[in-house]
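Here are some exercises to work through at your own pace. Please have a look at the sequence and the 3D structure before you start.

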Amino acid sequence: MSVGDPIGGSIGLSLVLISYFLFSSGIVYDFTVKPPATGKVADEYGNIKPQVFMTGKVNGQFIYEGLAAALLFLVGAAGFLALDRAGDKDRILRPFVRQALLYGGGTAIVTALFSLEMFMRFKLPSFGKW
């Protein structure tokens with residue numbers, strides 16, 4: 001496998017993205033603290049409902065909360081990779097493919113940004129209120 005081998009490059013990128021997903025999801029925290037996958041909260045009638053976000057605690061998370069946030073981090077990173085591929089002048093791309101990469105990458109970045117902000121508003125209800 002040489003340096004310019006596309007298969008070796010894609011395997012390396014895959015390993016980097018998988019490790020980025022695992023560490024940004026809080027895998028070290030999950031193994032250390034062993035939090036539950038979801039929480040439980042009682043509504044005003046006493047019924048127990050599942051709770052995905054650990055509300056009010058910045059230093060704590062449920063497992064599914066970390067996985068969802070890591071997935072959105074990965075979507076944003078993929079958007080930046082798509083923008084980088086579209087802006088590469090050495091690569092010959094058809095105009096439709098270049099536009100699809102630009103719009104898809106921009107959409108992925110904006111979607112990840114606003115979704116993560118929404119997650120923070122779920123976690124901290126006073127987030128963003130100046």
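The exercises below, each with a worked solution, concern a predicted model.

**Exercise 1. Helix length**

Task: Check whether the span of helix α3 agrees with its 24 residues.

Solution: Start with the limits of the helix, which covers residues 63–86. The expected span is 1.5 Å times one less than the number of residues. For the 24 residues of α3 this gives 34 Å, and the end C-alpha atoms are 35 Å apart, so the two values agree. As a last step, look at which residues of α3 are buried: among them are Glu65, Gly66, Leu72, Gly76 and Ala86.

**Exercise 2. Salt bridges**

Task: Find how many salt bridges the structure holds, and describe three of them.

Solution: The search criterion is a side-chain nitrogen of Lys or Arg within 4 Å of a carboxyl oxygen of Asp or Glu. With this criterion the structure holds four salt bridges.

- Step 1: Glu65 pairs with Lys123, with 2.8 Å between the closest N and O atoms. Glu65 belongs to helix α3 and Lys123 to helix α4 (residues 95–123), so this salt bridge ties together parts that are 58 residues apart in sequence. Both Glu65 and Lys123 are buried.
- Step 2: Glu117 pairs with Arg121, and here the closest N and O atoms are 3.0 Å apart. Both residues sit in helix α4, four residues apart, which is about one turn of the helix. Glu117 is partly exposed at 29% relative accessibility, and Arg121 is partly exposed with a relative accessible area of 36%.
- Step 3: Arg91 pairs with Asp88, the closest N and O atoms lying 3.9 Å apart. Arg91 counts as partly exposed at 35% relative accessibility; Asp88 is partly exposed too, with a relative accessible area of 28%.

**Exercise 3. The hairpin and the loop before it**

Task: Work out how strands β1 and β2 run and how many bridges join them.

Solution: Take β1 as residues 39–42 and β2 as residues 48–51; the strands are antiparallel and four bridges join them. One such partnership is that of Ala42 with Ile48 in β2. Next, follow the chain through the turn: five residues lie between the strands of this hairpin, and Gly46 in the turn has a positive phi of about 90 degrees. Now step back to the loop between α2 (27–33) and β1, where Lys34 is placed. Lys34 has a positive phi of about 55 degrees although it is not a glycine. With a relative accessible area of 62%, Lys34 is exposed.

**Exercise 4. Aromatic rings**

Task: Which residues do ring pairs link into a cluster?

Solution: Begin with the count: the whole structure has two aromatic pairs. In one, Phe53 and Phe119 are edge-to-face, 4.9 Å centre to centre with 65 degrees between the planes. Phe53 lies in the loop between β2 and α3 and Phe119 in helix α4, so this pair ties together parts 66 residues apart in sequence. Phe53 is buried at 14% relative accessibility, and Phe119 is buried at 16%. In another pair, Phe53 and Phe122 are tilted, 5.2 Å centre to centre with 50 degrees between the planes. Phe122 is also in helix α4, so its pair with Phe53 ties together parts 69 residues apart in sequence. At 41% relative accessibility, Phe122 counts as partly exposed. Putting the steps together, the cluster consists of Phe53, Phe119 and Phe122.

Definitions and conventions:
Residues numbered from 1 in each chain as written. Predicted model: local features only at pLDDT ≥ 70, side-chain atom pairs only at ≥ 80, totals over all residues. Heavy atoms only, no water. Helix = DSSP H or I, 4+ residues; strand = E, 2+ residues; numbered from the N terminus. Buried < 20%, exposed > 50% of the residue type's maximum accessible area, 1.4 Å probe, protein only. Pairing = 2+ DSSP bridges. Phe/Tyr/Trp six-rings, centres within 6.5 Å; stacked < 30°, edge-to-face > 60°.
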